[in-house]
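This report looks at selected helices, a sheet and a few backbone features of one protein model. The sequence and coordinates are shown first, and the discussion follows.

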Amino acid sequence: MPKLVIVESPTKARTIRGFLPAGYEVQASMGHVRDLPDSASEIPEELKGEEWSRLGVNVHADFEPLYVIPKDKRKVVKELKEALKKADELILATDEDREGESISWHLQQVLQPKVPTRRMVFHEITREAIQEALQNCREVDEQLVRAQETRRILDRLVGYTLSPLLWKKIAPKLSAGRVQSVAVKLLVDRERERRAFKKASYWALKAELQPSTASQERQAVFSAELVSLGGKRLANGQDFDPSTGQLIAGRDVVLLDQAQAEALRDRLLGKAWIVSSVEERPSTRKPAPPFTTSTLQQEANRKLHLSAQQTMRIAQKLYEEGYITYMRTDSVHLSEQAIRAARACVESMYGREYLSPEPRQYTTKTKGAQEAHEAIRPAGSEFRLPSQTPLSGQELALYDLIWKRTVASQMAEARQTHTIVLIAVDDAVFRASGKRIDFPGFFRAYVEGSDDPEAALEDREVHLPLLRQGDPLRCQKLEPVAHETQPPARYTEASLVKVLESEGIGRPSTYATILNTIMSRGYVRPMGSALVPTYTAFAVTELLEKYFPNLVNTRFTAEMEQTLDDIASGQAEWLPYLRHFFLGEQGLEGQVKARELEIDSGLARSIHLENLPVKIGIGPYGPYVAVETESGEVRANLPEDIPPADLSPEHIAELIQRKQEGPKPIAFHPETQEPIYVIPQGPYGPYVQLGEVSEDNKKPKRTSLPKGLKPDQVTPEIALGLLSLPRTLGEHPESGKKVQAGIGRFGPYVVCDGDFRSLPADEDVLTISLERALELLAQPKKGRGRASAKPLRELGSHPEDGEPVHLHDGPYGLYVKHGKVNASLPKGIPAEAVTLEMALQVLAEKEVSSAEVKGKSRSTGKAGSSVSKTQAKTASSSPTAQQAGNAVPQKRRKAQTTSTGGGMAKEPQAQANGSAQVGSRPTIVKITPKAPA
């Protein structure tokens, strides 16, 4: 009989299969096979009346979780059970971290194996690693499971308890999370710092100098800047308070203004310039440690401009295909095998002199570091050169980054010499700085990036001419230079991940999900690489700060993480902690009930911004500003492109004036002479309007702006074109019916005789031709609200017909599309982990199930509904997990196979102990909370 090996994904299964001996069958669980209820429909009918059912956790019965096997996982479970019947041993080979341990434990509980069961762990997918792992299997680590399941329950309690409060008091579809809310507060705090910051200016002089003995060749010219005057140091950026921008009180420095700088320039011109001192300072630099999850996300963001989510998706694929070691790790440790492989690469590519004298090993210093395996590195005992792999695009770029960082870690230190030259002229002293790289060392392979663009210049050489004390110099140019203090920089993805890790908030494996969640929930708006908190983020943060301060306190959140680590190591008990946190005297349940009566919705929707004595609030159509005038309160919507830190009284005055005056016409219709307006905000976004609203014209013609077209980009010609919609392109050559192009609620389209097709994003509704419209109309009609969406990415070609298979994100979650067939993906799979093999499997299942449904329809006349009207009414009216799911909205949420550390996109899995029976509805799994002990 074969031995059954279960992993998470088809890609991982395919790679591992090639390294196992004969007699092993490998199957994929497609992530988690069971979960807490995701919606009201998943809660068993007999439990819907229970108050705790909306949480999926019975908090008054030792936090007993309710597990169900979701509908889209029943087939997977059935197949795994069938495979297990034919096996004489079960090997659980999920990832070597808490989430992977939890998946293995859930599989064990659901499958209830009657054959020997072992846990197989490895941190790279190579033949050597897999065969070694087979010889060193162990039991499921129940302490790790308990810690992960406690995290799952904890995050569910926070999200599903606080989010409904935010809906009632601020706006629908908001969410709170144990880590996401702290991340949002960090962004809001930085925006507050920027708002409080007051710019200050200071001036200096910059000289271009040349040795008097040198020829007039440009190469001998170097720059120097004024550093002291009359024996007193000139003010520089370090003399100004970083939070206020003002000169720090008590600093004994010279502060020049423009007039003083210009006068000083005039005085120094023509004076004698003499080198007063030359100092050389040797220094060395060590290479950065190999990548952890966090540092990989940071560096990929800086150097490759990848988001944390993109980085993890690509790294997941590289790991599953055997190119790199496991990509979720806090460790900077390298195995002896890895060190030998890296040093071999250095010696063969750069020479022995570029090797560090001794193998270099690094120590993990991250707060709360927990993972036992290695840093992220190329897999195997010999590192494949990036050029020797079949990789391309972003996958190649990320592998190249990991390869270089790992190899550089075993290279010699870089040796540099810094030169400081002081130049005296009258009572002023100028300074010139140079740098010479004496031995590049690891610079040959890799230089770490920086969040500071200026710092990226630090490894470049700056050459100075040969200068000695007493040398005379010629001043070729002397100019005043203005400096201005800058507010604290907004966080980027890289810098936010860095501070989350340094503060011990969340875990690196969760950061990608957290960042994605706060963006999708409307708390953050990217501005270039910067993350700008929205006005909604301010409202939510202010409410949480006032009424639930601990939940957005970095120290409190870090202590929660530490407690979860202590549970994993057996140093803390899970049940007392959950009781204290949720049911204690100051527990979350009691706090929310008390605050619900206390919080005034009107005040909760108001935002306080420093130095703005006007009302700013969150309304049905977004943020607004309100000002009292003689005729009453006037409200104006706040545009998205004005960040909270930059909103000024002048902005507000202009917005209110526009509101009072009403929109000004940008043109007049050439035939009717009616005014044409651009309305920047409406129920469905900005639009153009022909004529004014009046008793005789209550519904003037309006057309929405196409996606991507901003109100200030609308010209009279564009406005006239939009108002002419729908425009007739011609007649259909077969039917003779009119073919038209227009814009509807769901975007631009073409239509003929009621047959609609959405326009692709790169098509212009104002210029599309009849020929192109006929091409679109000839294409198969796509599913309503699903396949018309732009795909997230192409997964590859279908082996049967060569047509592309695309991944989409629809109203009900992730799905794949091939031709006319759409197939939903299991909710245990994140977008970044979806592969072509996985897509082909669900597409095949969809075709089989569709054939079965058609057969039943022919035999019964129509397919029966699986939910009665009474059930539907109960499900829609009860305050169940479906409502709480709006914290993660009412559609089926995209789940993660990785833990989410408090992000509301999906709370981590809760613990259970029981057996699952696959039936016609979500399988109920009642749990006894005693196991694992």
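Contact is taken here to mean heavy atoms within 4.5 Å, and the model under discussion is a predicted one.

In that sense F581, F582 and L583 in helix 16 meet L588, E589 and G590 in helix 17. The residues of this contact divide into four nonpolar, one polar and one charged. The axes of helix 16 (residues 574-583) and helix 17 (residues 588-598) come within 4 Å and cross at roughly 10°; since angles under 35 degrees count as roughly parallel, the two helices are therefore roughly parallel to each other.

Helix 8 (residues 293-304) reaches 15 Å from its first C-alpha to its last over 12 residues, which is close to the 16 Å expected at 1.5 Å a residue. This helix is mostly covered, with nine of its 12 residues buried; among them are L296, A300 and R302. The buried residues of helix 8 pack against helix 9 (308-320), helix 11 (393-408), helix 12 (493-502) and helix 13 (511-520).

Most residues other than glycine have a negative phi, and most peptide bonds are trans. Two residues with a positive phi are set side by side below.

| Residue | Phi | Loop | Relative accessibility |
|---|---|---|---|
| Q112 | near 45° | between helix 3 (98-111) and strand 6 (117-119) | 38%, partly exposed |
| H305 | near 60° | between helix 8 and helix 9 | 67%, exposed |

H305 is the residue that follows helix 8. A departure in the peptide bond itself is found from L725 to P726, where the bond is cis, with omega near -5°; P726 is found in the loop between helix 20 (716-723) and strand 24.

Strand 24 also belongs to an open sheet of four strands, arranged in the order 24-25-26-27 with antiparallel pairing. Strand 24 (727-731) and strand 27 (755-758) stand at the edges with a single partner strand each, so one side of each is left without a neighbour in the sheet. Direction ignored, neighbouring strands of this sheet are turned by 25° against each other on average. Within the sheet, strand 25 (residues 738-744) and strand 26 (residues 747-752) pair in the antiparallel sense over six bridges, and the bridge partner of A741 in strand 26 is V750. Helix 21 (residues 770-778) lies across strand 24, strand 25, strand 26 and strand 27, and runs at about 85° to strand 26.

Notes: Residues numbered from 1 in each chain as written. Predicted model: local features only at pLDDT ≥ 70, side-chain atom pairs only at ≥ 80, totals over all residues. Heavy atoms only, no water. Axes fitted to C-alpha atoms, helices over the stretch in contact; angles between N-to-C directions. Parallel < 35°, antiparallel > 145°, perpendicular 65-115°, else oblique. Nonpolar A, V, L, I, M, F, W, Y, C, P; charged D, E, K, R; others polar. Pairing = 2+ DSSP bridges. Expected span 1.5 Å × (residues − 1). Buried < 20%, exposed > 50% of the residue type's maximum accessible area, 1.4 Å probe, protein only.
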